[in-house]
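Hello,

I am passing on a structure that I have been looking through, and I hope you enjoy getting to know it. Please have it open while you read, as my notes follow just below.

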Amino acid sequence: MQCEISRQFFELLDRIAAEQKTPLKCGGQLLYRAELELLEQIQSYPDSNVSTLSLKAGITKSAVTQTGLKLLEKGLIEKYQSPQNKKEKYFRLTAAGLETLRHCADCNRKASEALCAYLCSLTAEEKQVLIKFMEMMQLCLPLYAFPCRCTALEGAYLPAEDGKGKEQKC
């Protein structure tokens, strides 16, 4: 059982890492996370110039400009200049950009509701076990693999009980 839990955990970590590099399908658009995050920044801070967006997002001005160009090509934002400041570049969402963000927010809300429903169905003890497991994994990171050693080191681990007083093996 311990090995199955570890295997599942590391598969989840691998999937998270892969997902970070894979574009998401948001309302008919394929967007990388950096693009989606810039869309969210533009929505959250309207009338912000590239410098301000850079500070708010914690990325370089060059990254804002490069990602902004990709979003311009996809028709999700438009570039404009303020009549008061012709030097600065500003971005604003297009109708397609707003719709894309709405779609992503809806998908995120549905996933959050499903996770919340599952977590609410757990007992207090089960939730405590999950919290302790995550705390332990944070202490152990970076741990890149957890090969099953249960058969090689028979008796080296203390197996958990199955709830009926019997010991379980991996």
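**What I found**

Let me begin with one residue: K74 is partly exposed, at a relative accessible area of 27%. Before going on, please keep in mind that this is a predicted model.

**A salt bridge between distant parts**

K74 has a partner, since its side chain meets that of E35 in a salt bridge, with 3.0 Å from N to O. This pair links distant parts of the chain: E35 sits in helix α2, K74 belongs to the loop between α4 (61–73) and β3 (77–82), and their positions lie 39 residues apart in sequence. Are the two partners buried or exposed? E35 is buried, as its relative accessible area is 4% and the limit for buried is under 20%. K74, at 27%, is partly exposed.

**The chain as a whole**

Here is the wider setting. The protein chain has six helices and four strands. If you follow the sequence from its start, the pattern reads α-β-β-α-α-α-β-β-α-α. The chain has 170 residues, and 22% of them are buried.

**Other salt bridges**

How many salt bridges does the structure hold? There are eight, and the pair of E35 and K74 is one of them.

A second one joins R92 to E78, whose closest N and O atoms are 2.6 Å apart. R92 is in strand β4 (residues 85–93) and E78 is in strand β3, so this bridge ties together parts separated by 14 residues in sequence. R92 is partly exposed, with a relative accessible area of 37%, and E78 also counts as partly exposed, at 35%.

Salt bridges with shared partners also gather D106, R109, K110 and E113 into one network.

In helix α1 you can find R7 and E4, whose side chains form a salt bridge at 2.5 Å, N to O. Why are these two about one helical turn from each other? They are three residues apart in helix α1, and that spacing corresponds to about one turn. R7 has 36% relative accessibility and counts as partly exposed; for E4 the value is 36%, and E4 is partly exposed too.

**The largest pocket**

Helix α1 comes up again here. The largest pocket holds about 1,000 Å³ of space. It is lined by 25 residues, and F9, L12, L130, F133 and M134 are the closest to its centre. Two or more lining residues come from each of α1 (2–21), α5 (95–121) and α6 (124–140). Which of these gives the largest share? That is α1, with 11 residues. Sorted by class, the lining has 18 nonpolar residues, three polar ones and four charged ones.

**The second largest pocket**

The second largest pocket has about 420 Å³ of space. Its lining has 13 residues, with L24, R33, C107, N108 and A111 nearest the centre. At least two lining residues come from each of β1 (24–26), α2 (33–44) and α5, and α5 provides the largest share, six residues. Here the classes are seven nonpolar, two polar and four charged residues. You may remember α2 as the helix that carries E35.

**A nonpolar patch on the surface**

Which residues make the nonpolar surface patch? They are L115, Y118, L119, L130 and M134, and together they cover about 460 Å². Two of these names may look familiar, as L130 and M134 are also among the residues closest to the centre of the largest pocket. Both α5 and α6 supply at least two residues of the patch, and α5 gives the most, with three. One of the patch residues, L119, lies in helix α5 and is partly exposed, at a relative accessible area of 34%.

**One last residue in α5**

A95 also lies in helix α5. Is A95 buried or exposed? A95 is exposed, because its relative accessible area is 64% and the exposed class starts over 50%. From C-alpha to C-alpha, A95 and L76 are 7.4 Å apart in space, with a separation of 19 residues in sequence.

If you want a place to start, try helix α5, which contributes to the largest pocket, to the second largest pocket and to the nonpolar patch.

Best wishes

Key: Residues numbered from 1 in each chain as written. Predicted model: local features only at pLDDT ≥ 70, side-chain atom pairs only at ≥ 80, totals over all residues. Heavy atoms only, no water. 1 Å grid on protein atoms, 1.4 Å probe; cavity = no way out; pocket = protein on both sides within 12 Å on 5 of 7 lines; lining within 4 Å. Points joined across faces, edges and corners; volume = space filled by probe spheres on them. Nonpolar A, V, L, I, M, F, W, Y, C, P; charged D, E, K, R; others polar. Patch = residues over 30% accessible without salt bridge, like charges linked within 9 Å, V, L, I, M, F, W, Y side chains within 5 Å. Areas by Shrake-Rupley, 256 points an atom, 1.4 Å probe, with all protein chains shown as cover. Salt bridge = Lys/Arg side-chain N within 4 Å of Asp/Glu carboxyl O. Buried < 20%, exposed > 50% of the residue type's maximum accessible area, 1.4 Å probe, protein only.
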